[in-house]
Amino acid sequence: MMATAADEHAQPLWAGAAVMPVAVGVDGSPSSIEAFAWAASEAQRRGALLRVVSAWQPDRSRGSAGASDVAAVRDRRRVLGELIVETIGANPEIDVMVEVVRGSPAPVLLEAAEESALLVLGRRGRGGFPGMRLGSVGLHCVMHASCPVAIVQDPPRA
Amino acid sequence: MVPVRADRLGRLALTGSEGRAHTEGVLDGSELSDLDGEAVDPVTEHSEGDQGSVGDAEDQGRVVVGVDGSAPSLRALEWAGREAMHLGAVLDIWVLWMPPVPLGTMAPIGGGDYVMAAKLMADEAAEYARERWSDLVVESHVTEASPAPALVEASRDASLLVVGSRGVGGFRGLLLGSVSHYCAQHAHCPVMVVRQRSDRDSP
């Protein structure tokens with residue numbers, strides 16, 4: 001079947017790649033940064049694209065909308081970009097793709113898992129409280145993701 | 001003591017902490033070959049140069065996998081083998097078993113059966129892994145212990161712990177077993193939880 005230009009545009013970056021990407025959920029929490037570092041080395045070992053997936057929801061309490069949402073997403077992307085460079089350097093040996101997706105974390109991550117070989121998560125994200133062993137998002141993903149889920153342990157406490 | 005034949009393996013309860021005996025999870029060729037048709041990422045080349053000797057592999061770490069004969073645990077074995085190849089690590093197969101809590105009228109089975117069944121399962125799993133990944137250094141352990149804490153303990157010096165989402169102790173429809181849940185919470189290294197093959201998993 002011939003693909004139209006529009007179809008081609010709709011193809012994900014990893015279409016046709018020999019290996020499916022590794023996805024990692026990053027919300028900026030220490031757990032998620034640890035997960036990202038592990039996912040980066042896992043992607044390198046596999047020769048896979050690394051998808052950095054971050055769920056984003058507009059903060060309506062501040063009455064933000066429209067243009068400010070665009071700014072907020074751009075902000076999130078910038079923060080993630082900085083975090084990536086801090087963790088694996090500006091010239092990593094892997095391809096990294098940042099995806100800021102509107103929605104709550106669990107469904108966003110499950111959707112990313114659909115087209116990934118592996119979903120990597122920290123033990124708990126920003127919503128967790130200290131002492132909590134495995135966050136609700138992690139647990140939900142482990143139960144429902146279509147690909148294997150790797151839970152990375154928290155960084156050692158300073 | 002009744003001698004254990006391989007075809008009886010599935011009838012022996014190698015239980016999780018649920019302590020339920022049932023008949024799922026025979027470790028046989030059909031289960032394992034079922035995994036072969038799966039669309040997977042090929043093992044990358046770069047790890048293979050590091051396979052010189054056991055000593056080298058020890059330096060590269062250890063991938064621990066818990067196998068109890070359940071379908072998710074066999075998929076976990078498949079993933080653990082691949083990960084060990086990627087990492088250039090030793091594949092360390094653990095079969096943990098506990099005598100089941102007798103249920104109703106079911107006659108208890110002699111303890112020797114479990115030992116032998118567990119050893120058979122570990123041997124079969126190791127043999128499968130060695131055939132599948134000829135460069136891989138494979139070790140196996142058989143221990144009478146509660147699986148979850150034992151796997152967490154085994155994860156202490158591991159690079160990765162791989163477990164099935166639920167073991168033979170789980171029931172149909174149960175998405176996450178107590179062992180995988182416990183391991184995800186307490187392990188000393190990253191834990192990969194592998195679910196039973198779903199329709200979406202098909203090639």
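**Figure 1. The open sheet in this predicted model has ten strands.** Its strands follow the order β3(A)-β2(A)-β1(A)-β4(A)-β5(A)-β5(B)-β4(B)-β1(B)-β2(B)-β3(B), and their pairing is mixed. At the edges are β3 of chain A (96-102) and β3 of chain B (138-144), each of which pairs on one side only. On average, and ignoring direction, neighbouring strands of the sheet are turned by 25° against each other.

**Figure 2. Strands β1 and β4 of chain A pair in the parallel sense.** Three bridges link β1(A), residues 22-25, with β4(A), residues 118-122. In one pairing, V24(A) has V120(A) of β4(A) as its bridge partner. Strands of a sheet pair through backbone hydrogen bonds, in either a parallel or an antiparallel manner.

**Figure 3. Helix α5 of chain B packs on the sheet.** This helix, residues 147-154, touches three strands of chain B: β1 (62-66), β2 (90-97) and β4 (160-164). The direction of α5(B) makes about 155° with that of β2(B).

**Figure 4. Helix α6 of chain B lies across strands of both chains.** Spanning residues 178-186, α6(B) lies across β5 of chain A (149-152) as well as β4 and β5 (191-194) of chain B. The helix runs at about 160° to β4(B).

**Figure 5. Helix α2 of chain A packs with helix α3 of chain B.** The axes of α2(A), residues 30-46, and α3(B), residues 71-87, are 9 Å apart and meet at an angle of about 85°. Because of this angle, α2(A) is roughly perpendicular to α3(B). Helix α2(A) contributes E42(A), R45(A) and R46(A) to the contact, while α3(B) contributes W79(B), E83(B), H86(B) and L87(B). Of these residues, two are nonpolar, one is polar and four are charged.

Conventions: Residues are numbered from 1 along each chain as its sequence is written. Chains are lettered from A and ligands numbered from 1 in the order in which they are written. This is a predicted model: local features need pLDDT of at least 70, side-chain atom pairs count only at pLDDT 80 or more; totals for chains, interfaces and linings use all residues. Side-chain values use heavy atoms; hydrogens and water are left out. Axes are lines fitted to C-alpha atoms, for helices over the stretch in contact, and angles run from 0 to 180 degrees between N-to-C directions. Helices (H or I, at least four residues) and strands (E, at least two) are DSSP runs, numbered from the N terminus. Angles under 35 degrees count as roughly parallel, over 145 as roughly antiparallel, 65 to 115 as roughly perpendicular and the rest as oblique. Contact means heavy atoms within 4.5 Å. Ala, Val, Leu, Ile, Met, Phe, Trp, Tyr, Cys and Pro count as nonpolar, Asp, Glu, Lys and Arg as charged, and the others, Gly among them, as polar. Two strands pair if DSSP finds at least two bridges between them.
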